[in-house]
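Trainee: I have a structure open and would like to talk through its pockets, cavities and helix contacts. Could you take my questions one by one?
Mentor: Happy to, let's bring it up.

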Amino acid sequence: MRIRRESLRLYGVTDRSWLNGERLYDQVEKALKGGVTMIQLREKNMDRESFIEEAKEIGALCRRYGALFLINDQVEIARLVDADGVHVGQGDMNPREARAILGEDKIIGVTARTLEQGLKAQEDGADYLGVGAVFPTSTKKDTSPVSRELLKEICSSVSIPVVAIGGINQENILQLAGCGLSGAAVVSSIFAQADIERAASNLRCLADKIVQEEGAMKTALTIAGSDSSGGAGIQADLKTMTALGVYGMSAITALTAQNTTGVAGIQETTPEFLGLQLDCIFTDIFPDAVKIGMVSSSGLIQVIGEKLREYKAENIVVDPVMVATSGARLMEDSAVQVMKETLFPIASVLTPNIPEAQVLAGVEINSPADMEKAARLIGEAYGCAVLCKGGHQQNDANDVLYHDGKIQWFYGKRVENPNTHGTGCTLSSAIASNLAKGLKLEDAVAGAKEYLSGALAYGLDLGKGQGPMNHAYRIP
């Protein structure tokens, strides 16, 4: 299994030393709320049956938050509880042996302290390396820290992701910037803290910084309508971009007067003023990716198409907002046709929901197979990738991607949260943000779904109607 580098961003390793009467399950949930992207369950003294039971519970919790779940050392336990994988040390099982037990679809992580160990682990099929200790740590008193120079050499010499481990805290983590890391693994700086969620949230922000190349802040542009209640549209897009470490810019197609109970009024931008906004953006801070949301008139669509072609924009995500969740049509047929002719051919990916995919493909969607068919028909018609979103009616938040002639499913568990205003805007802007950072489309989609699941799982409850998500759940 090729692990996504973003899944390694903040890697929490459990330790029962700091429970202080609290359940480990509760501590892990706080860490996940704070932004931990992967949990490694480490347990050396618990009896086998109790450990299996605890592993099942924490594994289910990680899945709910869209985080990966690994077992430390105990490969057979990882197999029994269907963990996402296992992490083994140099003195433990060889990655090839672990792979034979767990299967090809599981993650194998290996600890390394030297370049030779790292290269050998990669050759033996490891999916990532944990290199360290990189700072002095009380758990490895007799081990000298891995130098920054060696850490950089390992990162540049292997093709698999590398995570720094050992002694990492809020005061020293930024010293790891520029080494080529995919993330940091932390124990006491999360689980020994009085406020675990805040500690994790602070470390997550710092971990995001250490993986960014110096001076390489990526940029993304959203072209969409304003939502005065802040849950969808331009506001949701900019919040998402910020949360994912991308500099967000906007070109507004319409102002709306709305709240969680409904829309009271819409004032559309003129095509001339929209064009002026786009000129100002592209001639100053050129976006690495573009997300296009709700654009209801032909004149605005034409201007967008002309400007994106003129400036040779890349990584264009089109969310064809034309059918509401209720099934109501939001665009005139003439505008839909202009969108098809103008925007779809230059799009990197379209993100229709099921009602929209039915309109675009001209087929009824009543099953996962129908979703695949619709995505393929749309993609072949317009020469772009298509992510058909299944959250509306057919399945449990499973989406299907048609890309380069291939079908790929992205499975997700529906989050029981009635406050889902802005989910489509959030997903498409998250995909654009990930594309801006250089992720491949498949990884951009997977990371976007992970972020959306976390924003929903936070359980924000605002307003009298269908409320927004917490886009800032990763930000302290």
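Trainee: Which element gives the largest share of the lining of the second largest pocket?
Mentor: Keep in mind that this is a predicted model. The elements giving two or more residues to the lining of the second largest pocket are helix 2 (48-64), strand 3 (68-72), strand 17 (406-410) and helix 16 (441-457). The largest share is six residues, and these come from helix 16.

Trainee: Which residues are the closest to the centre of the second largest pocket?
Mentor: The second largest pocket has a volume of about 1100 Å³, and 33 residues line it. By class, that lining has 13 nonpolar, six polar and 14 charged residues. The closest to the centre are Arg4, Gly66, Leu68, Asp84 and Tyr411.

Trainee: Turning to enclosed space, how is the lining of the largest cavity divided by class?
Mentor: Rolling a probe the size of a water molecule over the atoms shows where empty space is left. Searching the whole structure gives three cavities of 30 Å³ or more, and the largest cavity holds about 80 Å³ of space. Its lining consists of Leu32, Gly35, Val36, Thr37, Tyr65, Gly66, Ala67, Arg204, Glu450, Tyr473 and Arg474. By class, the lining of the largest cavity has five nonpolar, three polar and three charged residues.

Trainee: And how many charged residues are in the lining of the second largest cavity?
Mentor: About 40 Å³ of space lies in the second largest cavity. Glu6, Arg9, Arg204, Asp208, Ala243, Leu244, Lys437 and Arg474 line it. Two residues of this lining are nonpolar and no residues are polar, while the number of charged residues is six.

Trainee: Is helix 10 roughly parallel or roughly antiparallel to helix 11?
Mentor: Helix 10 (residues 271-282) packs against helix 11 (residues 298-310) with the axes 9 Å apart and at an angle of about 25°. Angles under 35 degrees count as roughly parallel. Therefore helix 10 is, relative to helix 11, roughly parallel.

Trainee: What classes of residue make up the contact of helix 10 with helix 11?
Mentor: Helix 10 passes helix 11 in a right-handed crossing. From helix 10, Pro271, Leu274, Gly275, Leu278, Asp279 and Phe282 meet Gly299, Leu300, Val303, Ile304, Lys307 and Leu308 of helix 11. The residues of this contact divide into eight nonpolar, two polar and two charged.

Trainee: Why is helix 13 described as oblique to helix 14?
Mentor: Helix 13 (residues 354-361) and helix 14 (residues 368-382) have axes 9 Å apart and pack at an angle of about 50°. Roughly parallel needs an angle under 35 degrees, and roughly perpendicular runs from 65 to 115. So helix 13 is, relative to helix 14, oblique.

Trainee: Which class do the residues in the contact of helix 13 with helix 14 belong to?
Mentor: Helix 13 passes helix 14 in a left-handed crossing. Ile354, Ala357, Leu360 and Ala361 in helix 13 meet Met371, Ala374, Leu377 and Ile378 in helix 14. The contact has no polar and no charged residues, and eight that are nonpolar.

Trainee: Last one on the backbone: what is the phi of Asp73?
Mentor: Most residues other than glycine have a negative phi. Asp73 lies in the loop between strand 3 and helix 3 (75-80). Although Asp73 is not a glycine, its phi is positive, at about 70°.

Notes:
Residues are numbered from 1 along each chain as its sequence is written. This is a predicted model: local features need pLDDT of at least 70, side-chain atom pairs count only at pLDDT 80 or more; totals for chains, interfaces and linings use all residues. Side-chain values use heavy atoms; hydrogens and water are left out. Axes are lines fitted to C-alpha atoms, for helices over the stretch in contact, and angles run from 0 to 180 degrees between N-to-C directions. Helices (H or I, at least four residues) and strands (E, at least two) are DSSP runs, numbered from the N terminus. Angles under 35 degrees count as roughly parallel, over 145 as roughly antiparallel, 65 to 115 as roughly perpendicular and the rest as oblique. A crossing is left-handed if the near helix is turned anticlockwise from the far one by less than a right angle, and right-handed if clockwise. Contact means heavy atoms within 4.5 Å. Ala, Val, Leu, Ile, Met, Phe, Trp, Tyr, Cys and Pro count as nonpolar, Asp, Glu, Lys and Arg as charged, and the others, Gly among them, as polar. On a 1 Å grid over the protein atoms alone, a cavity is a set of points where a 1.4 Å probe fits but cannot get out, and a pocket is an open set with protein on both sides within 12 Å along at least five of seven lines; lining residues have an atom within 4 Å of a point. Grid points are joined across faces, edges and corners, and a volume is the space filled by probe spheres set on the points.
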